[in-house]
Structure formats: structure tokens, C-alpha cells
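Visitor: I should like to go through this structure by question and answer. Please show the sequence and the model before we begin.

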Amino acid sequence: MSRTPFAPLFDRLVDDAAVFPPGLAPLDVAVREHLDRRTGPYAAHVGALLVPASSAREVAELAAADARTADAPLEVGLVARPGTPTETVTAALEALRTDTRVVVVAAEVGWSDTWRDLLAVELPVVVEVGLGDEQERGLDDVAAAVDDEHDVTVKFRTGATPSWSWPDEAALAGFLDATVLRGLPFKLTGGLHHTVRGRHDGQDGHGLLNVLLATHEALHGAEADELAGELARRDTEVLVTAVSSLGPDDAERVRASFTAYGCCGVLDPLRELEALGLIPSVPPKEQQR
């Protein structure tokens, strides 16, 4: 039985990043399995399929070859890692502009001098920011561009890569604080594979429940050091009880701020949420879908 009074807290929360590290699923496998998940037991909680912008034409071919996209097009987010020329994204968008089997729901890019070029495409834009002064300048730049006509979300990486050290509680708390203070919606990427802060396979990892609660606290005026404390909690029962106590208004505010996150093992956090009673249980046979 679910312990959360407002299940939409988790609706379309986890974007399918199967093709990105460390998952690195082949694109054809990722497309096929994502389409399977649209009618699977966790469908309500899975967002768009995230794909490299450079793979737009291959995505179109794979979608066209699958009969399931005839009535319900494949929803994708086009991702260009920081440093990728904006032209790569605009070319991908042009390639899919008239495609009836693929719907682009957002373009995701790194913050740069040219990211604003994407505002002209009349599509939600996600802008990844870094740390320190670069983060402050990026957030200020995005905040200045947001208006009623432009849908812009900022993004922060929560997991380590060869060129990006794992951001600890203080770093993530600083991002949450700075983002909420500017009234910007955000999404996260990389590393948020588990529901609770801990060490997994020898590596530190932030917890989904910690982030949800820290977002809630930030929206109620908590400062960065308080948010860092929330992100550091490891008592599963305390976190589950706190999340379960969020009412509809609080949950809606949290999700308006924390819009989604990309995860290469998209079902991993959902199965943990299910085990904790936070989303409806799925019969064992259904879990294989």
C-alpha cells in the first residue's frame, strides 16, 4: 500500500537516459525498451527518452520502424553536452521538425555565449551550469532570459565523470539555494540512482528523497547550510515519513521547481520507491516489462 498521499510527486520524474554513461545502452535497444516502458507498470513515473542531439536522424529511423509510434510519437529530449556547438542542436531540431513519429520535448545544452540562440525555436530549453562563479553567471544569464514566452530550466550534474568531480552536499545545496532564490525550475542529471544518500558500489551518491525534501525546504526559505544537512541524511525511515507527509500543495510546488532528472538505470530508483511504499506496488511478473 502506498504511503504517500500525493502520488503525482513522482509522475514523469525520471527521464530515461539509458544511452548515456554509465548505462551506455545501444540506441536501438534504448528506443525499444523506452517504448516498452510507456505501457509498462512504471509508465506514469517515466519521462522522455534522452538522446544525443547528434543521433537525431538515427532516432527518427528507429521510431519510424516501430509501429507503436504511429499513434503515439516517441518523446525525446535532445542533449548536447557542455562544449557542444549550439549548431549541432539546431541541426537536430531541423531534422526532426516535421517528423510525425518523434516529438522533441526539450533541447538540453551547456551554458555558453550562444545558448540563447535556441530560444528562437519555441521549444523548452534546459541549460546545464557548472560550479562557483561560472554557476552564478550562468544562473543570472538564464534568469535574465526567462519570460512568459520562453520556457527555460537549469540543470546540474550530481554524479562524477572523468572531467567532473562528485559534487558534495554543500555544492548541491548551493545550487538548490541559488536556483530557488532566482525562481528558476531545475532538473538534475547523472548520479541520482538511489532514493537515499549513501555509498553505493564504493562511490558516494545523493538520494532522490533527500533532494525532494531539500527542495521543499529551500522553497520555504531554508538556507544553503540547512539544505546541506537535509541532503546528508541517511535515515531511510525519517526521509520516507517526511516525504509521505507532504500535502498536495507542497508536492506541486516541489515538482514545479524540481521538474525531472535523467537516470541511465531509469527503473532502479522507481523500484526503490516501490519497495518503500511511495509508489504503488507492481506484481512481480509486471516488473520484468
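Visitor: How far apart are the closest N and O atoms in the salt bridge of D16 with R37?
Guide: This is a predicted model, and the distance is computed from its atoms. A salt bridge requires a side-chain nitrogen of Lys or Arg within 4 Å of a carboxyl oxygen of Asp or Glu. D16 and R37 form such a bridge, and their closest N and O atoms are 2.7 Å apart.

Visitor: Which elements hold D16 and R37?
Guide: The pair links distant parts of the chain, with the two positions 21 residues apart in numbering. D16 belongs to strand β1, and R37 belongs to helix α1, residues 27-37.

Visitor: How many salt bridges are there by this rule?
Guide: The bridge of D16 with R37 is one that has been described. Under the 4 Å rule, the count comes to 18 salt bridges.

Visitor: In what order do the eight strands close into a barrel?
Guide: The pairing in this barrel is parallel. Neighbouring strands of the sheet are turned by 30° against each other on average, direction ignored. The eight strands follow the order β1-β2-β3-β4-β5-β6-β7-β10.

Visitor: Which residue in β10 stands opposite D15?
Guide: Strand β1, residues 14-16, pairs with strand β10, residues 258-263, in the parallel sense over three bridges. D15 stands opposite a residue of β10, namely G262.

Visitor: At what angle does helix α6 run to β10?
Guide: Helix α6, residues 208-219, lies across β7 (186-189) and β10. Helix α3, residues 86-96, lies across β3 and β4 and runs at about 175° to β4. For helix α6 and β10, the angle is about 160°.

Visitor: Which residues lie nearest the centre of the largest pocket?
Guide: About 740 Å³ of space lies in the largest pocket. The elements giving two or more residues to its lining are β6, β7, β9 and β10. The lining divides into 12 nonpolar, 12 polar and eight charged residues. Of the 32 lining residues, those nearest the centre are P22, A160, G190, G191 and H193.

Visitor: What kind of peptide bond joins P21 and P22?
Guide: P22 lies in the loop between β1 and α1, and P22 is also among the residues nearest the centre of the largest pocket. Omega for the bond joining P21 and P22 is about 0°, and the bond is cis.

Visitor: How many residues line the second largest pocket?
Guide: This pocket holds about 320 Å³ of space, and D15, V105, A106, T259 and A260 lie nearest its centre. β2, β3, β4, β5 and β10 each give two or more residues to the lining. The lining comprises eight nonpolar, four polar and seven charged residues. The number of lining residues is 19.

Visitor: What is the phi of R12?
Guide: R12 is placed in the segment before β1. Although R12 is not a glycine, its phi is positive, at about 45°.

Technical notes:
Residues are numbered from 1 along each chain as its sequence is written. This is a predicted model: local features need pLDDT of at least 70, side-chain atom pairs count only at pLDDT 80 or more; totals for chains, interfaces and linings use all residues. Side-chain values use heavy atoms; hydrogens and water are left out. Two strands pair if DSSP finds at least two bridges between them. Helices (H or I, at least four residues) and strands (E, at least two) are DSSP runs, numbered from the N terminus. Axes are lines fitted to C-alpha atoms, for helices over the stretch in contact, and angles run from 0 to 180 degrees between N-to-C directions. Contact means heavy atoms within 4.5 Å. On a 1 Å grid over the protein atoms alone, a cavity is a set of points where a 1.4 Å probe fits but cannot get out, and a pocket is an open set with protein on both sides within 12 Å along at least five of seven lines; lining residues have an atom within 4 Å of a point. Grid points are joined across faces, edges and corners, and a volume is the space filled by probe spheres set on the points. Ala, Val, Leu, Ile, Met, Phe, Trp, Tyr, Cys and Pro count as nonpolar, Asp, Glu, Lys and Arg as charged, and the others, Gly among them, as polar.
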